Amino acid sequence: MRIADFELERFFARWEFAVRHLLCASDVEGWGMSELLALADDETAAMWRDLRLGYTEAPGHPLLRREIAGLYETLEPDDTLVFAGAEEGIFALVNVLLGPGDHAIVTWPGYQSLYEIARACGADVTLHELREVDGWAIDLDRLRADVTPATRLIVINAPHNPTGMLPDRATFDAVVAIAAEAGARLLVDEVYRGLEVDEADRLPCGADLGAHVVSLGVMSKTYAMAGLRIGWLATRDRDLLARVAAFKDYTTICASAPSEVLALIGLRARDAVVARSRGIVLGNLALLDGLFARWPDRLAWVRPRGGSIGFPRLIGFDSDAFAATLVEREGVLLLPGSRFGHPGNHVRIGFGRTDLPQALAGLDRELARTR
Ligand SMILES: Cc1ncc(COP(=O)(O)O)c(C=O)c1O
């Protein structure tokens, strides 16, 4: 397989651990081990204490799969498959679904692997452009028009990286219906689900809406445990899941034993875990409201409706040059929109980290220098 560089990941490989303040991270401030272990119940505490470091069950630990299935209304543990992060789930699913002659439609700008792996598999990919003038919304007419007889897969991500877009329920249902009418699979990347600004806007899980829909979840974002590298696919289509499981034999085979137990602890305590993440994200979003109020002639954004990131536009100065001087002078990292191949002079800003006040102080100082 020949595959283009993952621009965002190459950028993070250079900068992520070399800066003082990561103001573009997509994950939520990670849990400490001792804090997490304090949440264990008797069963999971014993599992952790007595853990043996052999291979694990290929589809995922049965208790972890049961907990994951519990996140959905209609799924059984056998409707889930555990992976090393969401990234491996995308890689395996797309490889199983797509080959030369197949067509996929993927929202863009977006997380590059959602379309790059499809291209590397030889599929023809239509990027469904989300536009700032539309509030980054999915355009249903355009989506319908992009469907061809060869369309096998439609991919959406909600809440969305990098814009924070979240479709309303009617739009979401319409996308599910468009995929069904096309005879295509729908992959719903739900890794930020639970971080809706207004909880009333939370969408149902895609996999609960039809056997042609596959949900993608992960411990990294809403559950604030990116270092576990535990993700999952969930769908009622067990034949598809069996093919994806067979593919996984050529990647990781099975998940990390310690990570599975820690993910189980985290998911069993998910009310507390998600409440912590929501507290960080919503508190930081209020601080960002202050930033946008202070700089109306320099910054504009569509306020995110969900997730831990947004995609503001810089007014009157270049986003690549600004990000470069910001990191050099203030040690604060923003992600230029060019890393998404997006020409609109935007930057990705992340608000899941607890050092956001310090990062904003540096950003304020650098914005003042643009005057
Ligand atoms: C939309 C989206 N999907 C999938 C992933 C991959 O998650 P992970 O790195 O935990 O595998 C990310 C990570 O940034 C993401 O933003």
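Modeller: Let's start with a term: a molecule sits in a cavity or pocket if more than half of its atoms lie within 2 Å of its grid points. Keep in mind that we're looking at a predicted model.

Biologist: Okay, so which space is taken by the ligand here?

Modeller: The ligand takes up the largest pocket. That pocket has a volume of about 630 Å³. Its lining counts 31 residues, and E9, S26, D27, K221 and A226 are the ones nearest the centre. The elements giving two or more residues to that lining are α1 (7-15), β1 (21-22), α5 and β7 (213-218).

Biologist: And by class, what has the lining of the largest pocket?

Modeller: You'll find 14 nonpolar, six polar and 11 charged residues in it.

Biologist: How do I read the shell around the ligand itself? Which of its residues come nearest?

Modeller: For the shell, a residue is in if one of its heavy atoms lies within 4 Å of the ligand. Here that gives 14 residues, with N161, D189, Y192, S220 and K221 coming nearest. Helix α5 (residues 85-97) supplies the largest share, three residues. Sorted by class, the shell holds five nonpolar, five polar and four charged residues.

Biologist: Which side chains have a polar atom by an oxygen atom of the ligand?

Modeller: A pair of N or O atoms within 3.5 Å is the cut-off to keep in mind. Among the cases here, S220 has a side-chain N or O atom 2.5 Å from a ligand oxygen. For Y192, a polar side-chain atom lies 2.7 Å from an oxygen of the ligand, and for R229 the distance is 2.9 Å. As for cover, the ligand taken alone exposes 390 Å², and the protein buries 93% of that.

Biologist: What about the second largest pocket, how much space lies in it and which residues lie nearest its centre?

Modeller: It holds about 420 Å³ of space. There are 22 lining residues, and L71, R193, G194, R202 and Y223 lie nearest the centre. Both β7 and α11 (270-294) supply at least two residues of that lining, and α11 gives the most, with four. By class, the lining has 10 nonpolar, three polar and nine charged residues.

Biologist: Now the closed spaces. How many cavities of 30 Å³ or more does the count come to?

Modeller: The general idea goes like this: rolling a probe the size of a water molecule over the atoms shows where empty space is left. In this model the count comes to three cavities of 30 Å³ or more. The largest cavity contains about 60 Å³ of space. Its lining includes A158, P159, R193 and R202. That lining divides into seven nonpolar, one polar and four charged residues.

Biologist: A158 and P159 caught my eye. Is the peptide bond between them cis or trans?

Modeller: Omega is the angle to read, and from A158 to P159 it is near -10°, a cis bond. P159 is in the loop between β5 (151-157) and α8 (169-182). P162 lies in the loop between β5 and α8 too, and the bond joining N161 and P162 is cis, with omega about 15°. Remember N161 from the ligand shell, where it was one of those coming nearest.

Biologist: One last backbone check: is the phi of W136 positive or negative?

Modeller: Positive, at about 65°, although W136 is not a glycine. You'll find W136 in the loop between β4 (124-129) and α7 (140-146).

Conventions: Residues numbered from 1 in each chain as written. Predicted model: local features only at pLDDT ≥ 70, side-chain atom pairs only at ≥ 80, totals over all residues. Heavy atoms only, no water. Polar contact = N/O pair within 3.5 Å; in protein donor to acceptor, adjacent residues only side chain to side chain. Areas by Shrake-Rupley, 256 points an atom, 1.4 Å probe, with all protein chains shown as cover. 1 Å grid on protein atoms, 1.4 Å probe; cavity = no way out; pocket = protein on both sides within 12 Å on 5 of 7 lines; lining within 4 Å. Nonpolar A, V, L, I, M, F, W, Y, C, P; charged D, E, K, R; others polar. Points joined across faces, edges and corners; volume = space filled by probe spheres on them.
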